[in-house]
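Please work through the exercises below with the sequence and the model open side by side, and try each task before reading its solution.

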Amino acid sequence: MFQPAPFARPRTAVSAAALSAVLSAAMLLPGCGSMAPQYTRPPLPVADRYDAPAATGAAALPEWRGYFAPPALQAMIVEALAQNRDLRIAVLRVEQARAAYGIERANRFPIVAAQASGQRQQVPADLSLTRHEMITSQYQAGLGVSAWEIDLWGRLASLRGAALEDYLASDAARRAITMSLITHVAEGYFDVREIDQRIALARRTLATRQESYRIFSRRVAVGATSRLNLTQVETLLLQAQALASQLEQERDRKRHALQLLVGGPNALAPLDAEAANAAGNLADPLPALAPGLPSALLERRADIVAAEHQLRAANANIGAARATFFPQVSLTAALGTASAELDGLFAGGSRSWTFAPSITLPLFDGDRRRQNLTLAEARRDSAIANYEKTIQGAFRDVADALSAQTWLSAQVGIAERTLQVQRERARLSQLRYDSGAAPFLDVLDAQRDLLSAEQQLIQLRRALLGAGIALYSALGGDPVLAAPPLASIDLPLTRI
């Protein structure tokens with residue numbers, strides 16, 4: 001029968017320097033390199049240039065403070081960058097991806113643990129070869145490495161490269177959200193200023209029509225005009241009151257949306273007519289932009305950069321899946337002291353070591369490895385399609401913004417001319433009515449059309465500003481300086 005024997009010291013000893021040299025050599029052992037396919041950027045799935053004639057020339061985009069000039073708007077953007085919850089979530093996702101990359105990077109190093117153990121065992125007489133009861137003791141202390149994978153085939157390197165690309169993709173996504181936040185705040189700001197100017201215009205019209213109603217009420221009282229004319233004047237007054245009420249409601253709605261973007265309770269205060277025209281005049285154009293060529297979007301638009309990093313990560317995962325078809329080499333080792341007596345644990349001659357490399361190659365796994373490789377390749381193909389779709393979407397965004405700028409500029413010019421004509425028509429209609437050459441219905445129609453033309457011009461100017469904002473965003477903008485600093489991301493990013 002088997003009988004445990006007292007602890008025996010090993011006959012062969014190896015120095016700590018020798019075992020350390022073995023571990024160092026294993027750490028520096030070059031593998032076969034990554035087995036991931038050679039990455040090649042897919043060709044542009046769009047035309048070489050935009051249809052708009054302004055698409056030639058270099059595209060030097062200004063920093064957002066140089067593009068959005070109103071001080072109130074700049075202050076709101078700064079507050080939004082500090083308070084917006086969506087951006088905060090994006091920053092935290094970058095932190096998560098950075099930590100995931102740090103974990104994968106740490107897998108290339110062994111986990112060295114201090115170990116200490118003690119054991120006493122009583123063996124009964126009927127289990128002892130000597131037929132005598134005996135008590136054995138064993139004490140150990142040292143350093144050990146457990147199941148450390150030696151990356152001969154580049155599996156860990158591929159996973160590390162995929163984690164790095166995921167981290168870079170998350171940071172690019174953060175920059176894309178930052179740019180989107182900047183442009184949405186600008187859109188919200190000009191939306192509120194548009195409503196301010198329309199309200200100021202409606203209030204001026206309302207004051208004029210209230211005075212007209214007062215005058216016609218006096219005329220009806222003295223019999224100088226018919227009650228029909230008074231009801232027509234009252235109709236104009238009620239229309240102006242209804243418009244002013246609707247615009248006030250719309251302003252509150254847009255102000256609440258702007259509060260949500262900014263992430264704080266601050267909002268734009270209502271402005272009177274003079275202040276509304278002074279604070280961000282909608283007639284003032286945004287700086288002109290030269291879109292350049294579509295290829296420039298690949299490096300400038302953060303969403304395209306993020307999609308390409310995701311494609312690189314999917315490509316690296318193929319290498320990790322391929323490496324599982326080759327043997328996995330791992331190492332377990334320990335170096336320390338051992339003794340049958342506790343007081344002899346660190347005595348001379350108590351050195352002990354263990355060196356146990358192992359090679360594992362699954363012979364049958366139910367086709368798991370093959371399916372895992374097929375999954376990685378399918379995800380790579382999906383990432384390619386997503387990358388191409390992102391480029392096509394960016395191309396369309398720029399083309400739409402260029403087209404909108406061209407045609408809205410023409411519409412603003414037409415609206416300005418229309419407003420001049422409507423003002424002259426209203427003046428002439430009033431003169432003809434005062435001279436008795438035309439009914440008051442002509443004045444009613446002219447006043448109604450004049451108010452509509454004034455409101456439409458403000459809306460078209462706001463739409464033209466929106467096209468400029470859309471073009472700045474479609475070209476990628478310059479959100480880098482606007483983004484909150486990520487002081488905790490200080491890892492050296494070595495491309496794998």
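The exercises that follow concern nonpolar cores and aromatic rings in this model, which is predicted.

**Exercise 1.** Find which members of the largest nonpolar core touch the most other members, and which helix gives the most residues to this core.

*Solution.* Start with the core itself, which has 48 residues, and among these Phe68, Leu73, Ile77, Val185, Val398 and Tyr472 touch the most other members. Next, list the elements that give two or more residues to this core, including helix H3 (71–83), helix H5 (155–222), helix H10 (368–434) and helix H11 (440–474). H5 gives the most, with nine residues.

**Exercise 2.** Determine which residues valine 185 touches, leaving out residues up to four places away in sequence.

*Solution.* With those residues not counted, valine 185 touches Leu73, Met76, Ile77, Ala80, Leu258 and Leu261. Apart from the largest core lies another core, of 11 residues, among them Val412, Leu450, Ala453 and Ala467.

**Exercise 3.** Decide how the rings of tyrosine 50 and phenylalanine 395 are arranged, and whether each residue is buried or exposed.

*Solution.* The structure holds seven aromatic pairs. In this pair the ring centres are 5.1 Å apart and the planes stand at 25 degrees; planes under 30 degrees apart count as stacked, so the pair is stacked. Tyrosine 50 lies in the loop between helix H1 (16–28) and H2, and phenylalanine 395 in helix H10, so that the pair links distant parts of the chain, 345 residues apart. For burial the cut-off is under 20% relative accessible area; tyrosine 50, with 4%, is therefore buried, and phenylalanine 395, with 16%, is therefore buried.

Note on methods:
Residues are numbered from 1 along each chain as its sequence is written. This is a predicted model: local features need pLDDT of at least 70, side-chain atom pairs count only at pLDDT 80 or more; totals for chains, interfaces and linings use all residues. Side-chain values use heavy atoms; hydrogens and water are left out. A nonpolar core is a set of buried Ala, Val, Leu, Ile, Met, Phe, Trp, Tyr and Cys residues joined through side-chain atoms within 4.5 Å. Buried means under 20% relative accessible area, exposed over 50%, partly exposed in between (1.4 Å probe, protein chains only). Helices (H or I, at least four residues) and strands (E, at least two) are DSSP runs, numbered from the N terminus. Contact means heavy atoms within 4.5 Å. Rings of Phe, Tyr and Trp (its six-membered ring) pair if their centres lie within 6.5 Å; planes under 30 degrees apart count as stacked, over 60 as edge-to-face and the rest as tilted.
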